Amino acid sequence: MRSLFLLVALMTAAGCAGASRSPVGETRFHNRAPVWVVNDRRDVPVKPEERKFFKALYHLDGFWHKRIDRALELRVPRRAANVNALDEVPDSTWFTNRIGVREMTPEEIARGPNTTGSPEDHRPWTIKSSKVGGKTVGFIIKDKRGVKYVLKFDEAGIPEVETAADVILQRLVWACGYNVPEDYVVNFKRSDLVLADDAVIKDPMGNEKPMTEAFLDQQLATINVGPDGTIRGLASQFIPGIPIGGHDRDGVRPDDPNDKVPHQLMRELRGQYAIYSWLDQSDAKEDNSLDTWVEDPADKSVHYVVHYMLDFGKGLGAQPFINGRRFVGHAYLVDFRDIGLSLVTLGAWRRPWEGRRDPGLVGVGLLDSEPYDPARWKPYSPSYFPFLDADRFDNFWGAKILIRFTRDQIAAAVAQGRFSDRRAAAYVTEMLVERQRKTARHWFKQVNPLDRFEVQAEGGGSFTLCFDDLAVKYNLEDSLVRPTSYAARVFDHAGRATGFVARVTGELTGRSCIRHLPPAAGADAYTIIEVRTSRPGLAVPPTLVHVARDPTGAPRVIGLRRL
Amino acid sequence: MQLVRCVAVALVLASPGRASAQPTPAPAPAPEPAKPDEKPAGQPAEKPDEKPASADTPAQDHTAASVAKAPEPGQVTGVSRAEPESYRMRSVGRVLLYPVRGLLWVVDAPFRGGAWLYERYRLRDRWKSIFFNDTGTIGLYPAALVETGFGLNIGARFVHRDLFGASESLKMRASFGGRFRQLYSIKLSTGDRLGAAAALELEGEYEVRPRDRFYGIGNGDEVDSVAMPIDPYADPTAVATRFRQKLARVAAIADLLLAGPLSARVSGALLSKRFDGAEAEDIPSKEDDLPDAYDTGSLPAFDDGTDYLYNELELRLDTRDRASRYEPQTQPSQGLLLSGFTGVATGLAGAETDYVRYGADLQLYLHLGPSPRVLILRGLVEEVRGTVDQIPFVDLPRLGGPLLLRGYDQDRFRDLAFALTSAEYIFDLTNLVSAYGFVDAGRVYPSLADIEADDLRVGFGGGLQLQTDHSYLGRASLASSIDGGLLFHLSFDPIYDPKARVERK
């Protein structure tokens with residue numbers, strides 16, 4: 001009887017222990033340095049099959065079928081699956097950490113990925129064929145050096161808008177970390193275009209027929225030509241490698257063994273939502289990406305797939321301006337919610353985008369900041385599923401990247417748009433800065449905005465934990481008006497509180513430290529510090545910083561769990 | 001409560017065959033093997049939070065060799081133990097929803113398959129390559145149309161959009177079924193040949209319309225049948241009947257831009273019309289053949305047909321436009337249309353046709369809000385004047401149908417004159433779809449001098465309008481009236497285009 005009672009008591013205690021949950025959860029990290037690069041460059045000897053993009057089916061699925069099917073699947077909301085221990089994205093064939101990881105001068109951002117030099121400096125150009133796909137005029141050309149480009153143009157009657165938007169976003173998206181083609185705004189004359197002897201007109205079904213001067217003149221008659229005969233275009237250099245189509249919005253490419261993480265779980269694709277909303281790049285879809293099967297630059301016997309983003313000409317308000325659709329950026333093309341509200345209210349409901357006005361500047365689309373809502377921004381179509389699956393942590397990551405751009409860096413990218421009206425460049429820069437701050441301010445209120453955690457040993461075994469408060473660091477919060485304090489609690493590996501608590505007032509610089517933190521007992525002195533931010537208007541869960549001793553005995557951050 | 005929970009958990013823990021009181025973790029990405037202090041392959045000497053020290057590291061600057069010892073994607077989280085997750089309720093939900101998902105896939109399969117086929121085989125481009133020339137200016141292609149109340153109409157069309165280099169066009173058509181047992185037409189337009197201020201059209205047409213509607217003459221209420229044929233001019237009783245019409249027409253139409261929004265249309269047509277009762281197969285149940293309900297001898301031109309010349313002059317003041325570039329071109333949201341016309345019909349080859357027709361149409365577009373929201377007010381009158389037996393019954397002004405006096409059947413009311421007012425509120429749901437609601441009120445009269453508000457016919461309803469930025473596609477509406485009934489209309493004619501009397505309706 002006594003034994004039975006003891007057994008029941010022990011099991012009850014065990015049950016109680018299991019029933020009460022530690023505030024630091026169950027997640028634990030390996031005691032090792034975070035990973036900053038992954039190996040997705042293993043040899044893929046057989047070229048993966050080219051993915052065909054079927055636009056109608058893609059959008060039918062995006063607007064209706066797969067969207068409903070995904071909802072009926074009762075999918076578990078999952079955090080991004082390819083982040084490292086610090087909730088960051090390692091370098092890969094998809095993404096390379098750039099701005100914020102190292103200093104980038106405005107000149108470097110102005111140059112972007114463009115290393116081969118503009119074709120404008122290497123005329124005349126030889127036209128090889130017409131462009132296939134898309135609704136607008138375009139050609140495949142080679143410059144005098146033999147470098148190959150797609151040459152595209154602005155919509156007739158709407159000069160500079162698309163070409164400027166493309167190169168500006170190309171520079172900024174590259175600086176964020178994505179792979180993009182080399183794009184250039186070019187100015188040229190009709191006489192700079194020479195038909196190749198074998199130049200052909202290609203139709204969407206692959207048929208070809210010889211291109212004539214008359215055809216070329218007929219095509220050029222439909223685009224903007226300046227009074228002096230100058231033609232403005234966008235030259236986009238062919239991406240190295242063999243193109244195999246864009247990346248799927250769901251799942252992996254089955255014949256690419258390096259494609260391990262389902263795309264809808266990739267941080268760099270989900271976090272793009274915040275970045276694209278900042279840039280108003282509303283045209284997010286599969287065929288605005290491109291995978292290429294490339295030779296390894298050091299070993300030509302090795303091949304793998306590299307992933308690019310491209311076609312940015314609809315950003316910066318170009319799409320709503322060109323298509324005369326003010327809702328772009330605020331509602332989908334077919335937005336069932338908005339349709340329902342309009343129908344129920346018989347049109348009386350005033351939609352948030354109805355007051356939008358374009359600035360009336362040559363080269364600038366419907367780009368604004370006041371009606372812009374980073375929480376409610378919508379691309380043109382809901383078809384790109386990583387955006388639907390993006391959570392606040394993904395967007396916090398994206399916001400961390402975009403807020404790093406200084407005004408000078410943004411202006412340097414904008415200058416590549418080569419606006420004929422100087423006011424246009426100033427306006428676009430100002431709008432980008434305002435949207436940048438609005439975007440960051442929003443996402444920094446959805447997740448504890450602390451970052452760049454570092455620990456330093458103190459004498460006697462304790463350590464100091466320092467971190468940036470991004471909202472303060474980037475002057476998104478006035479610390480004098482909204483004083484900030486940070487509270488820390490310390491837990492051991494088992495999740496038990498050690499009893500140590502601390503509260504510090506935030507520094508006006510945005511970088512604050514909590515000192516004299518005692519390491520927890522146990523292997524490697526594995527310690528979990530819960531850091532909570534208190535500020536008027538901020539109500540977010542704390543961040544858990546996992547610290548352990550490295551092989552030299554020094555404390556280091558081995559993991560970050562944002563709640 | 002906490003104690004009860006603890007005891008419950010303890011008992012569960014003690015249950016045989018149960019590994020843990022915690023929910024079974026879902027198959028999340030597995031944490032890496034737990035080896036403390038193991039250096040990830042390829043990492044340099046460890047320093048806290050060290051990042052690769054490369055300067056500019058575009059993707060192409062990483063090589064296969066430089067990352068060879070790095071872990072695979074998805075194996076970098078550093079997590080040795082993840083949060084437990086429980087998906088039991090979701091699993092139950094998923095099983096319950098499988099049938100719904102299956103139904104969704106089945107229902108959507110034709111649409112998805114169609115969309116895939118359309119793109120995979122580039123059906124639109126193939127259509128053009130099969131039926132049109134390389135420049136898309138010449139085409140010979142099949143066409144089909146479904147008209148509510150009339151059925152399927154199929155045929156072929158030939159078009160040449162640039163005959164002589166100034167967008168002159170030639171269109172030919174042959175079709176069968178639906179409203180038309182047979183239809184043959186040819187149309188020649190001058191395009192831009194005469195400049196922006198003028199355009200000329202010549203057209204010829206032959207139609208066999210096997211099931212046109214006739215409800216008598218006047219504002220009478222509808223009855224199921226009559227005991228014997230009645231004189232429609234003496235008795236306004238309305239019976240739903242059908243009749244057959246053969247129509248041949250050659251017309252010339254000149255559109256002239258006079259000044260700014262003021263334009264004129266001068267037209268003339270040679271018309272030949274022959275009538276007969278409908279075939280039994282063309283008469284819906286609950287409707288009659290016209291000769292069974294009405295005395296055809298009292299219907300001018302029914303028994304002998306008619307051949308005549310009709311000339312008309314119309315003046316239009318049209319300031320309708322969209323309020324901003326952000327509204328669709330196909331939906332005016334401000335301005336007005338004021339149109340007045342007068343025409344003369346003169347019999348040929350001994351036909352007794354002889355009358356004058358005149359009328360006016362006033363449309364006001366009131367911009368209530370952006371996108372747009374528009375209130376359209378309309379007033380329309382029309383009259384024919386002449387000796388009654390010299391006015392072919394088919395030429396009497398008519399009300400009823402998807403364009404005029406909605407909520408009533410096509411051609412429900414006809415007499416020597418009509419007056420119609422309409423109010424419609426239209427607002428956009430998306431740039432492709434607008435919703436609208438309307439009230440139409442009107443009546444036919446023996447003459448405009450007899451206009452009064454008594455016994456007005458009132459139709460009302462609403463629907464959806466489809467458009468692109470540049471093209472009006474059509475309307476689907478549900479309409480009813482104070483006389484009851486519910487009509488579904490699908491129409492492809494722009495409702496507010498000025499009514500064409502010379503061209504085919």
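Mentor: A salt bridge is a side-chain nitrogen of Lys or Arg within 4 Å of a carboxyl oxygen of Asp or Glu. The structure above is a predicted model.

Trainee: Which residue forms a salt bridge with A:K400?

Mentor: The closest N and O atoms of the pair are 3.2 Å apart, and the cut-off is 4 Å. A:K400 sits in helix α11 (residues 392–402) of chain A, and its partner is in strand β12 of chain A, 51 residues away in sequence. The partner is A:D451.

Trainee: Is A:K400 buried or exposed?

Mentor: Buried means under 20% relative accessible area. A:K400 has a relative accessible area of 3%, so A:K400 is buried.

Trainee: What is the N to O distance in the salt bridge of A:R267 and A:D87?

Mentor: A:R267 lies in helix α6 (residues 267–270) of chain A and A:D87 in the loop between α2 and α3 (106–111), so the pair ties together parts 180 residues apart in sequence. A:R267 counts as buried at 1% relative accessibility, and A:D87 counts as buried at 9%. The side chains meet at an N to O distance of 3.2 Å.

Trainee: Which residues join A:D87 in one network of salt bridges?

Mentor: Salt bridges can share partners, and here the shared partners join A:D87 into one network. A:R267, A:K400 and A:D451 are among its members. The others in that network are A:E88, A:R270, A:D391, A:D394 and A:R562.

Trainee: In chain B, which residue meets B:E287 in a salt bridge?

Mentor: B:E287 is in the loop between β10 (262–277) and β11 (288–289) of chain B, and its partner is in strand β9 (residues 241–259), 45 residues away in sequence. B:E287 is buried, with a relative accessible area of 17%. The N to O distance is 2.7 Å, and the partner is B:R242.

Trainee: How many salt bridges does the rule find across the interface of chain A and chain B?

Mentor: Over all chains the structure holds 79 salt bridges. One that crosses between the chains is formed by the side chains of A:D69 and B:R101, at 2.8 Å from N to O. Across the interface the rule finds eight.

Trainee: What area is buried between chain A and chain B?

Mentor: The size of an interface is often given as the accessible area lost when the parts come together. Here 106 residues of chain A are in contact with 88 residues of chain B. Carbon and sulfur atoms give 56% of the buried area, which is about 8400 Å².

Trainee: How many residue pairs are in polar contact between chain A and chain B, and which element supplies the largest share of the side of chain A that touches chain B?

Mentor: The count of pairs in polar contact, both residues at pLDDT 80 or more, is 33. Elements that each supply at least two residues of that side of chain A include α1 (2–19), β1 (28–29) and α2 (55–72). The largest share is 11 residues, and it comes from α2(A).

Trainee: Which residue in β1(B) is the bridge partner of A:F29?

Mentor: Strand pairing also crosses between the chains: two bridges join β1(A) to strand β1 (residues 79–81) of chain B. The two strands run antiparallel. The partner of A:F29 is B:V79.

Trainee: How many bridges join β13(B) to strand β14 of chain B?

Mentor: Chain B has four helices and 22 strands. Strand β13 (residues 335–347) pairs with strand β12 (residues 306–318) in the antiparallel sense over 11 bridges. β13(B) also forms a hairpin with β14(B), with six residues between them. These two strands run antiparallel, and the number of bridges is 12.

Trainee: Which residue stands opposite B:L338 in β14(B), and how far is B:G379 from B:D361, C-alpha to C-alpha?

Mentor: The residue opposite B:L338 is B:L362. B:G379, in strand β15 (residues 373–385) of chain B, has B:L362 and B:D361 among its contacts. B:G379 and B:D361 are 18 residues apart in sequence, and their C-alpha distance is 5.9 Å.

Trainee: Which side chain is joined to that of A:Q237 by a polar contact of 2.6 Å?

Mentor: A:Q237 lies in strand β8 (residues 231–237) of chain A and is buried, with a relative accessible area of 13%. Its contacts include A:V147, A:Y149 and A:P181. The polar contact is with A:T116.

Note on methods:
Residues numbered from 1 in each chain as written. Chains lettered and ligands numbered in written order. Predicted model: local features only at pLDDT ≥ 70, side-chain atom pairs only at ≥ 80, totals over all residues. Heavy atoms only, no water. Contact = heavy atoms within 4.5 Å. Buried area = accessible area lost by both parts, 1.4 Å probe. Polar contact = N/O pair within 3.5 Å; in protein donor to acceptor, adjacent residues only side chain to side chain. Pairing = 2+ DSSP bridges. Buried < 20%, exposed > 50% of the residue type's maximum accessible area, 1.4 Å probe, protein only. Lists of a residue's contacts leave out its neighbours within four places in sequence.
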